[in-house]
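User: I would like to learn how to read a protein model, beginning with one residue and ending with the whole chain. Could you guide me through it?

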Amino acid sequence: QVQLVESGGGLVQAGGSLRLSCAASGRTGSTYNMGWFRQGPGKERESVAAISWRVGSTYYAGSVKGRFTISRDNAKNTVYLQMNSLKPEDTGVYFCTASLAGSSWPPMDYWGKGTLVTVSS
């Protein structure tokens, strides 16, 4: 089992930046792909970004490409989501996710509880 804890959410004005962090604990000795999903008000949950554990391959949703950057620090078992040029439509609860390498992509086997990001216009 893997436990995921997100942090870094908050209120920001449009055009601003936030950096989300996700600390993984538990069976982190295995290789895990990591990712971020979000769910906005009245919207379905969607994959935002993902990063593979070994080679650092990344995925971005079209709506965030060029504005968001996912990265990870394997030594700290932590994945980050740097969000720049934020827009009101980026508002939502952001969930950290993980899956064993070779499993689902984007990763969605394990979920954190989420952190709220609110972008004001």
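Analyst: Let us begin with the surroundings of one residue in this predicted model. Leaving aside residues up to four places away in sequence, Arg-38 touches Glu-44, Arg-45, Glu-46, Val-48, Ser-63, Val-64, Phe-68, Glu-89, Asp-90, Val-93 and Tyr-94.

User: In which element is Arg-38 found?

Analyst: Arg-38 belongs to strand β4, which covers residues 32-39.

User: Is Arg-38 buried or exposed?

Analyst: A residue counts as buried when its relative accessible area is under 20%. The value for Arg-38 is 5%, so Arg-38 is buried.

User: With which side chains does the side chain of Arg-38 make a polar contact?

Analyst: One partner is the side chain of Ser-63, at 3.4 Å. Another is the side chain of Tyr-94, at 3.0 Å.

User: Turning to the whole chain, how many helices and strands are there in the protein?

Analyst: The protein contains zero helices and eleven strands. Its radius of gyration is 13 Å, close to the 14 Å that the globule rule gives for 121 residues, so the protein is as compact as a globular protein of that length.

User: What share of the residues is buried?

Analyst: Buried residues form 46% of the 121 residues. As for contacts with a separation of 6 or more, 55% of them join residues 24 or more positions apart.

User: How many positive and negative side chains does the protein have?

Analyst: There are 12 positive and 7 negative side chains, and the centres of these two sets are 6 Å apart.

Methods. Residues numbered from 1 in each chain as written. Predicted model: local features only at pLDDT ≥ 70, side-chain atom pairs only at ≥ 80, totals over all residues. Heavy atoms only, no water. Helix = DSSP H or I, 4+ residues; strand = E, 2+ residues; numbered from the N terminus. Rg over C-alpha atoms; globule rule 2.2 N^0.38 Å. Buried < 20%, exposed > 50% of the residue type's maximum accessible area, 1.4 Å probe, protein only. Contact = heavy atoms within 4.5 Å. Lys, Arg positive; Asp, Glu negative; His and termini not counted. Charge placed at Lys NZ, Arg CZ, Asp CG, Glu CD. Polar contact = N/O pair within 3.5 Å; in protein donor to acceptor, adjacent residues only side chain to side chain.
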